[in-house]
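Open the model in your viewer and keep the selection panel at hand. This tour goes from one selection to the next and says what is there.

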Amino acid sequence: MIHVLIVEDNPGISSVMRELLEMEGYEVTLAANGLEALEAFDRVAPDLVVSDIMMPKMDGFALLEAVRARPNGAGIPFLFLSARSEQAATSLARSLGADDYLFKPFAPEDLLIAVRAKLDRRRALQLLDTRLAHVQTVRMLANAVEARESYTRGHVERVQQYALQLARALGWDAEALLLCEFGALLHDVGKLAVPRSILNKRRPLTYAEWQLLRRHPETGRQMLEGVDHLRGAIPYVLHHHERWNGDGYPGRLAGHDIPREGRLLAIVDAYDAMTTNRPYRLAMPVEQALDEIRSQSGIQFDPAMVEVFIQLQPLRPEAPPARLDDAPL
Ligand SMILES: [Fe+2]
């Protein structure tokens, strides 16, 4: 339940406010001055504070400063109640980090609107914070993968762009697009467990090395399984090397048994590998790469997805690659 702390020395005003907010479903704690309010703040950890300015013992400004100084108080919405005659003081309040003011006397709906607006904004900021932290974790992991392969710079970012373009063209919903954003970035995360000597080997791999490399989808799945906000990327990680005809790995799945995320990533991963340089040849022109993709329709790739992908032209790598690139492994 959302908890509001009301700090007001006039018992008439505070009990009206309490009634209003409780009727709206909020939990309410009352305090008659700043000192009482601080004690209550530490005890109940409110989601929002509504405070009078002029009060005995500790006024509203001192309370705001004390709340902002607490580790859990920096982001708590703080609303001042102020008499019209105290308008000059409101600029001081703003400089201290108050979020808003209600001028007394206020209409009941003004209080409710202000409280709701502050709480909505706080929720939106919290969501944004979580999402930013999420994106940063994913980016860090993706960078760690890329840093271990000396010639794949930019590959993961381009694969992400192409994957999102294709997913949008296929009409995937917003949630699927969000997962696509992360899944495409993380698709090779299991390579973190593959020795660099194998990842960067220019000569053909031995059978044993190849076996080790082929484990990266399964290793990636194990890495992400225990992380709630990354688990949605698993279909990309686990199935991007499956082939439409069942010749891929690790599941040897065929056709629609391959999750759509894996089918989508297989196309864009191959396309990016073809349109960037490799140790033994230069990048293919876009037309030639698309022909190659078309020729593998129904063999390596989902034919319906290939059709949509071809229509996405012009798909171009954003910048020429700085280094030689390798085939997707
Ligand atoms: Fe891979």
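A crossing of two helices is right-handed if the near helix is turned clockwise from the far one by less than a right angle, and left-handed if anticlockwise. Keep that in mind for two of the stops. The model is a predicted one.

**Whole chain**

Start with everything shown. The protein has 14 helices and five strands. Of its 329 residues, 35% are buried. Take the contacts with a separation of 6 or more: 63% of them join residues 24 or more positions apart.

**Stop 1: α6 and α12**

Select 155–169 for helix α6 and 260–274 for helix α12. Their axes lie 9 Å apart, and the helices pack at an angle of about 135°. That angle makes α6 oblique to α12. Look along the contact: α6 passes α12 in a right-handed crossing.

Now show side chains. From α6, pick His155, Arg158, Val159, Tyr162, Ala163, Leu166 and Ala167. They meet Leu264, Leu265, Ile267, Val268, Asp269, Tyr271 and Asp272 in α12. By class, this contact of α6 with α12 has ten nonpolar residues, one polar and three charged.

**Stop 2: the sheet**

Hide the helices and show the strands. The five strands form an open sheet with parallel pairing, in the order β2-β1-β3-β4-β5. Which strands stand at the edges? They are β2 (27–31) and β5 (100–104). Each has a single partner strand, so one side of each is left without a neighbour in the sheet. On average, neighbouring strands here are turned by 20° against each other, direction ignored.

**Stop 3: β3**

Select residues 48–52, which are strand β3. Buried or exposed? Five of its five residues are buried. In a regular strand, side chains alternate between the two faces of the sheet. Colour the two faces of β3 separately: Leu48, Val50 and Asp52 are on one side, Val49 and Ser51 on the other, and both faces are covered.

Next, add the partners. β3 pairs with β4 (residues 78–83) in the parallel sense over four bridges. Valine 49 stands opposite phenylalanine 78, and aspartate 52 stands opposite leucine 81. β1 also pairs with β3 in the parallel sense, over four bridges. There, isoleucine 6 has valine 50 as its bridge partner.

**Stop 4: helices on the sheet**

Bring back residues 60–69, helix α3. This helix packs on the sheet and touches β1, β3 and β4. The direction of α3 makes about 155° with that of β3.

Add helix α2 and look at the pair. The axes of α2 and α3 come within 9 Å and cross at roughly 25°. The two helices are therefore roughly parallel to each other. Here too the crossing is right-handed, with α2 passing α3.

Select Gly34, Ala37, Leu38 and Phe41 in α2. Opposite them in α3 are Gly60, Ala62, Leu63, Ala66 and Val67. The contact of α2 with α3 has seven nonpolar residues, two polar and no charged ones.

**Stop 5: valine 16**

End on a single residue. Valine 16 lies in helix α1 (residues 11–23). Why does valine 16 count as partly exposed? It has 14 C-beta neighbours inside 10 Å, and a residue is buried only from 20 or more, exposed at 12 or fewer. Now add proline 108, 92 residues apart from valine 16 along the chain. Their C-alpha atoms are separated by 8.8 Å.

How values were computed. Residues numbered from 1 in each chain as written. Predicted model: local features only at pLDDT ≥ 70, side-chain atom pairs only at ≥ 80, totals over all residues. Axes fitted to C-alpha atoms, helices over the stretch in contact; angles between N-to-C directions. Parallel < 35°, antiparallel > 145°, perpendicular 65-115°, else oblique. Contact = placed C-beta atoms within 7 Å. Nonpolar A, V, L, I, M, F, W, Y, C, P; charged D, E, K, R; others polar. Pairing = 2+ DSSP bridges.
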